[in-house]
Every structure is written in structure tokens, then in C-alpha cells.
Amino acid sequence: MHTILPFAFPESIVRLISTWLLYSLGAGVLLGLLTSMVMLATRGSAARLRYNLLLGSLALFAGMMLAILAVGIYQLPDTPVAAGGVATATGAASAGVVTAHPAPLTFMELLMRQVEQYSFPIVTIWMLFAGLRSIRLVAGLCTIRRLKTRQNEPAPAAWQQKLRLLSAQLGVSVKSTLLYSHAVTVPMVIGHFKPVILLPFAFVSSLPAAQVEAILLHELAHIARRDYLVNLLVSIMETIFFFNPALIWTASLLRKERENCCDDIALAQLDNPRDYIEALVNCQQLQQEAPLFATALFEKPGQLLGRVKRMVNHNNKRSLNNMEKSILSISLVTAGMLALAFTAPGDPVNNATVNLTKCPENAGVFQPDYWNRQFSATDTVPAPPPPP
């Protein structure tokens, strides 16, 4: 048991976590390939379809990792581990049958052995970085909570009524609250069960009513799509698998398509799309980077140009950039290597099962090759017969 860890985990738990993290990289290769296929197959499709497929890819990844973890936990009592990483003989030894486990021969067996050997430092480093990112996540949620209660004031009754009318227009059943805020510089939605729409006070006082209404439609689209909850769940996945480039890439694409989906919903409800585009431009002039985990009109500065071009040109085409093409190439090469590693044949002689009840001494024949077989330290091997 490693007592240096923040919690005194048994060695079997430490090895389970390290193996689970290794499997997540393999699942990440599949996620990268699936994401690349989605982006290539939906280059001219609507943003909603692309978003749903990307979200399904992340859900598939999460389901795979939960299933792998559940299987590992279920098998813990049935697979005791002896010192040195050699599996102990179970009830088969009492029946006279011992299975010898020599050094692994395939690439995957060798990799698994190395991960088990260095499981303690692997898990320690992972817990350190995951813990720091968890603190960042909690701090972001606390910041958002403070924004709901500090430096804001209720919107006038006319705008509250307008918010209810727009909610009914979009079919939003969740009751939301509209607040004017002095602490934010970009419109945003906070909360899932009781969502709050924060509008910067400077934004409301300087924009025409038609543009404010267009921005409200965008924020209500976030509420209708449950984007706050999805964003939080994806952020938790990024905290756990912070080392997985495919997951980080897919999550960033998901956030971009999320904003495109809300843009499409807002434009579909407006008679004059120019009001919405001008509102985006005015917001960009006032905007700073949005708080973590809030579904803001812009998450980062510099996202305006691509969205405006897409809306003006009515162009949903999305091609892979150089970095994304590199990720696709690496995923293909890695997937091929893993396929070869899993299908590499082992040594049938070294993996043979030895039956001690049928020893050569019963036949009166001395066979030294039989007694030269490799056994683990816990196996009971009978003494060899004397030479004739």
C-alpha cells in the first residue's frame, strides 16, 4: 500500500487507475478518428447535425471509459497480484494444473507490464495535475455563482415581459431571469435549473432595442439546448483526461459548433439578420474573455470574424486546418500500430499450460526440457526425477 498518495490506496487500485488511463489513450485514438470522420462527412451540413455527432462521439468515449472502469473494479477481487507483477496460481494449482506466465512478447503486453511497473508515479502525477484542474473548475463555478448575486440589478419590467415572449417563441419551458450586470462585459447564461441571463449594463445602454432582442434570442437558445449542463460535463471530462489531445480537440470543436447552432436559431427568429450581426460586432468591441464554464456570446476574443462570415455567406462548410489534419494523420498511424500490436501472435510454447499430474517421471523417461520451463515464485514445482 502506498501511503505517500493523498489517500492510502491499495496497490491493486493504483494499478487499476494506471491501466485505465492507458486505455483512455487508446479510446482517444478512436475518438480522434471518429471526430475527423464527422468533420469530413459534414463539411456542408448544418451546424446542428455536426454538433450532435460530435456530442455523440464524446458520449461514446465517456461510455467506453465508464465501462472499462466498471469491468476493472468488478475484476479486482478475482485477480490478486503478487510481488513483481506475476499473477498467482489459483484453484487450478490445487488440482495439479499450473499456468506459467513468462515475460510478455507482444507490444501491448510489454506496454501493460511497464505501466503496471510504474503505476505509482503515473497515478501520482495524474492526481497532481487533475487535482489542480479540479481546483480551477471549482474556482470557476464559484466565480459564476458570485456573478449571479453581486453587482447586478433586475432588468426593467418591459424587458422581463419581452424575455417571456421570446421564451414562448422558442419553446423554452424553463423560467429564466434577466439581470443587468456591472461585473461582466459580454452577455452570458449562468445556471441550468434556474438560468440567469446577464447583460452588461454598458451593452444595454448603448445598443438599439432590436439588437438587444437579437442577443436575448441567442442566450435563450443556449437555455433551450441545455448548453450550460453539457458544457459543465465536458469540462469535467477535460479535467479527468487533460492529457488526451483527441478529447481536448473534440471539446473545442463542440464549443464552436454550439455557438453556430445558437446563431442559426437566433437568425431564424429575426426578420432582419443585420440586427444580429451588428449586435455581435458591438459586443466584440466591449468584450473581454468570458468566465470559465459560462455559456457566453463569445468565449474568447477573436471568434467574431468566422461567425459573421458564416452567417453573411450562408456557408456551413467546415474544412480541417493544418493542426486538425495532423491530428487525423497521427490518429490513423496510431490506430494502425495498435491494430498490429493487438494481433501480434504470442509464443504458443511459453504460454502453454503445464499439467503436473502427468509428469514425465510417471513414464520413467527423463525430459530435462520439461523441468526447464519458467514458473512463478508462488508455484509449487515438484523435484525433477533422478537421471536413469
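This is a short chat about reading a strand and some ring pairs in a predicted model.

Me: Let's start with β5. Is this strand buried or exposed?
Reply: Five of the five residues of β5 (residues 196–200) are buried, so the rest of the structure largely encloses this strand.

Me: Which way do the side chains of β5 point?
Reply: The general idea is that side chains in a regular strand alternate between the two faces of the sheet. Here V196, L198 and P200 point one way while I197 and L199 point the other way, and all are buried.

Me: And which strands are joined to β5, parallel or antiparallel?
Reply: β3 (residues 177–181) runs parallel to β5, with five bridges joining them; T177, for instance, has V196 as its bridge partner. β4 (residues 188–190) is antiparallel to β5, joined by three bridges, and M188 partners L198. Have a look at the β4–β5 hairpin too: five residues lie between the strands, and G191 takes a positive phi near 100°.

Me: On to the rings. How many aromatic pairs are there?
Reply: Six. To read one, check the centre distance and the angle between planes: over 60 degrees counts as edge-to-face. F61 and F241 have ring centres 5.3 Å apart and planes at 85°, so that pair is edge-to-face. The pair links distant parts of the chain, 180 residues apart: F61 is in helix α2 (residues 47–75), F241 in the loop between α9 and α10. Both F61 and F241 are buried.

Me: Why is the pair of F129 and F242 tilted?
Reply: Their planes sit at 35°, with centres 5.9 Å apart, so the pair counts as tilted. F129 is partly exposed, at 41% relative accessibility, and F242 is partly exposed at 24%.

Key. Residues are numbered from 1 along each chain as its sequence is written. This is a predicted model: local features need pLDDT of at least 70, side-chain atom pairs count only at pLDDT 80 or more; totals for chains, interfaces and linings use all residues. Side-chain values use heavy atoms; hydrogens and water are left out. Buried means under 20% relative accessible area, exposed over 50%, partly exposed in between (1.4 Å probe, protein chains only). Helices (H or I, at least four residues) and strands (E, at least two) are DSSP runs, numbered from the N terminus. Two strands pair if DSSP finds at least two bridges between them. Rings of Phe, Tyr and Trp (its six-membered ring) pair if their centres lie within 6.5 Å; planes under 30 degrees apart count as stacked, over 60 as edge-to-face and the rest as tilted.
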